[in-house]
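The exercises below are meant to be worked through with the sequence and the coordinates open side by side. Try each task before reading the solution that follows it.

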Amino acid sequence: MAYRWTNDLTAADVTPKSMMMNRRQIMAGAVGLGAIGFSATQAAAQGTLKPNSLEDITTYNNYYEFGTGKDDPAKNAHKLVTSPWSIKVDGLVNNPGEYSVADLIDGLDVEERIYRFRCVEAWAMVVPWNGVELADVLKKAGVQANGKYVAFETVVQEENMVGVQRRVLDFPYVEGLRMDEAMHPLTLLATGIYGEPLANQSGAPIRVVVPWKYGYKSIKSIVRITVTDREPPTSWNKANAREYGFYSNVNPTVDHPRWSQATHREIGGGLFAKRQPTLMFNGYEDEVARLYAGMDLTVDS
Amino acid sequence: MTVANTINGALRKIPAWPIYWIVAAWTGWKFYLAATGKGGGPEPINWLEREYGEFGLKLLIAGLLITPVRTWTGINLIKFRRAIGVTTCFLILAHFLVWAVLDVQAFERVWMEVVKRKYVTVGMAAFVLMIPLAITSNNRSMRKMGPLVWRKLHKLTYPVAVLAGIHYLWLVKGFQIEPIVYMAVILGLLAVRLKWAWAKIV
């Protein structure tokens, strides 16, 4: 079976190509809503966000497997082999196995979600993702009662990945979410942007998107989803625990040790763009704050 | 006549002043690219900051290379050293201004960053130490101070280079090779001088 987005959703359904190339066009009229469990306030907020151009989104990336420069992934990620692709689903699930992307999202609605994307490096953009809710995929996998966390792993193709060769991080890149975070309706498994398949540098063929957390939590090009009963290791936390916590929620009141998180630069604003205030949970406070009730987010950051 | 002598002969005909113009033009050109969106990608502020900083670091190393090159090869580039030093300071000033004015965008926050963030503190220290060197780079200052005092003051270049190397090392995320290479070159060039100083004592 072909991927659902090629069958059901083309660029024409979402955004005219001319508009998509034009960064500052307002997308409000073109937003494909109809999300399950998606509140009216979210929908309204989504409608006012102006997505960055596809060029911005695909030329300014962090994908350390392909180099540490912001333009390195765009230059090097063509080497990523995305077909065939299989995702191993294992751990505390009733239906473990190796799945193709099509199998993994079979029967689910691919929706457009326009989300803010906030990098820990204090820059931000707006991305019109196409994807399914991770919760629906996890329900299909059949999470067992003692499953408390979900761990993810990025592909390693060492011969194609200059960053892996240079040991920039301890690869494979791994990330994780607490079960309630993974099950939250905002959390996506994305397969496209602007109605087109994900560019390799954007994490093709399938990636996680968690819009209220710093970008590195939204792990790219996943080959493994593991349900576990304990907090899984995460790559940046392993590299520097003092700077990168497990939760990594966007939080303007907790600085990165080396820079302030109170404000950020918006990608595409040009050389004289004014810094913008960063919002708690990246603007998704109404939707996700309850997940962290009773937690001290300055400690569990 | 040795190769070095031939090269030195040719070098005598090349003036040092174009260095100032080339670096100034390069700085302006990069600014133009960033301001018009013709270069630097979707986020030109950070790009420009890094371009200026990295070129400054390269020039700093070029300045440190001049004496060892003369010792090892006999090629004498000393007449270019002042221009290299002054343009280094100019580039770091541009680096600082892009960071303070276009990136951080508020004076209180600039000061807060300098105090709070170690990598900014060392970078700022390197810049501040460069200023007296740039100010005393003219012939009048050299005469006024006398060669001994002048040379002593200009040994500040060594801590400047080390601080600049640390600034870059502390700035990056993950294990990145470039700042390590820069630091290794800087430390290597300083170690050579230590060796010479030691040889003089013994």
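## Exercise 1: A strand and its partners

In β7(A), A:I193 is the bridge partner of A:W129. The model is a predicted one, and this pair of residues is the starting point for the first task.

Task: Establish which strands of chain A pair with β7(A), and in which sense.

Solution. Begin with the strand that carries A:W129, namely strand β4 (residues 123-133) of chain A, which is joined to β7(A) by five bridges and runs antiparallel to it. Next take strand β9 (residues 207-209) of chain A, which pairs with β7(A) over three bridges, again in the antiparallel sense; here A:L188 has A:V209 of β9(A) opposite. Then turn to strand β8 (residues 196-197) of chain A, whose antiparallel pairing with β7(A) rests on two bridges, and in which A:E196 stands opposite A:I193. The hairpin of β7(A) and β8(A) has two residues between the strands, and in this hairpin A:Y194 adopts a positive phi near 55°.

Task: Decide why strand β7 of chain A can be called largely enclosed by the rest of the structure.

Solution. Count the buried residues of strand β7 (residues 188-193) of chain A: six of the six are buried, and the strand is therefore largely enclosed by the rest of the structure.

## Exercise 2: The order of a sheet

Task: Work out the strand order of the open sheet of five strands in chain A, and find its edge strands.

Solution. Reading across this open sheet gives the order β2-β1-β10-β5-β6 (chain A), and the pairing is mixed. The edges are formed by β2 (97-99) and β6 (174-178) of chain A, each of which pairs on one side only. From one strand to the next, the twist averages 20°. For one pairing inside this order, consider strand β1 (residues 87-91) and strand β10 (residues 222-228) of chain A, which pair in the parallel sense over four bridges; in this pair A:K88 is placed opposite A:R224 of β10(A).

## Exercise 3: A loop residue and the contact between chains

Task: Determine whether A:T68 is buried or exposed, and which residues A:T68 is in contact with beyond its neighbours in sequence.

Solution. First locate A:T68, which lies in the loop between α5 (54-59) and α6 (72-76) of chain A. Because 21 other C-beta atoms lie within 10 Å, A:T68 is buried, the cut-off being 20 or more. Leaving aside neighbours within four places in sequence, the contacts of A:T68 are A:G163 and A:V168 in chain A, together with B:G174 and B:Q176 in chain B. For the contact of the two chains as a whole, chain A contributes 23 residues and chain B contributes 17 residues. On the side of chain A that touches chain B, the residues comprise 10 nonpolar, four polar and nine charged.

## Exercise 4: Two helices of chain B

Task: Describe how helix α6 and helix α8 of chain B are placed relative to each other.

Solution. The axes of helix α6 (residues 118-135) and helix α8 (residues 157-171) of chain B come within 8 Å, crossing at roughly 155°. An angle over 145 degrees counts as roughly antiparallel, which means that α6(B) is roughly antiparallel to α8(B). The crossing of α6(B) past α8(B) is left-handed. Residues making the contact include B:V122, B:L129 and B:L133 of α6(B) and B:V160, B:L163 and B:W170 of α8(B). By class, the residues of this contact divide into 14 nonpolar, three polar and one charged.

Notes
Residues are numbered from 1 along each chain as its sequence is written. Chains are lettered from A and ligands numbered from 1 in the order in which they are written. This is a predicted model: local features need pLDDT of at least 70, side-chain atom pairs count only at pLDDT 80 or more; totals for chains, interfaces and linings use all residues. A residue is buried if 20 or more other C-beta atoms lie within 10 Å of its own, exposed if 12 or fewer, and partly exposed in between; C-beta atoms are placed from the backbone. Two residues are in contact if their C-beta atoms, placed from the backbone, lie within 7 Å. Two strands pair if DSSP finds at least two bridges between them. Axes are lines fitted to C-alpha atoms, for helices over the stretch in contact, and angles run from 0 to 180 degrees between N-to-C directions. Ala, Val, Leu, Ile, Met, Phe, Trp, Tyr, Cys and Pro count as nonpolar, Asp, Glu, Lys and Arg as charged, and the others, Gly among them, as polar. Angles under 35 degrees count as roughly parallel, over 145 as roughly antiparallel, 65 to 115 as roughly perpendicular and the rest as oblique. A crossing is left-handed if the near helix is turned anticlockwise from the far one by less than a right angle, and right-handed if clockwise.
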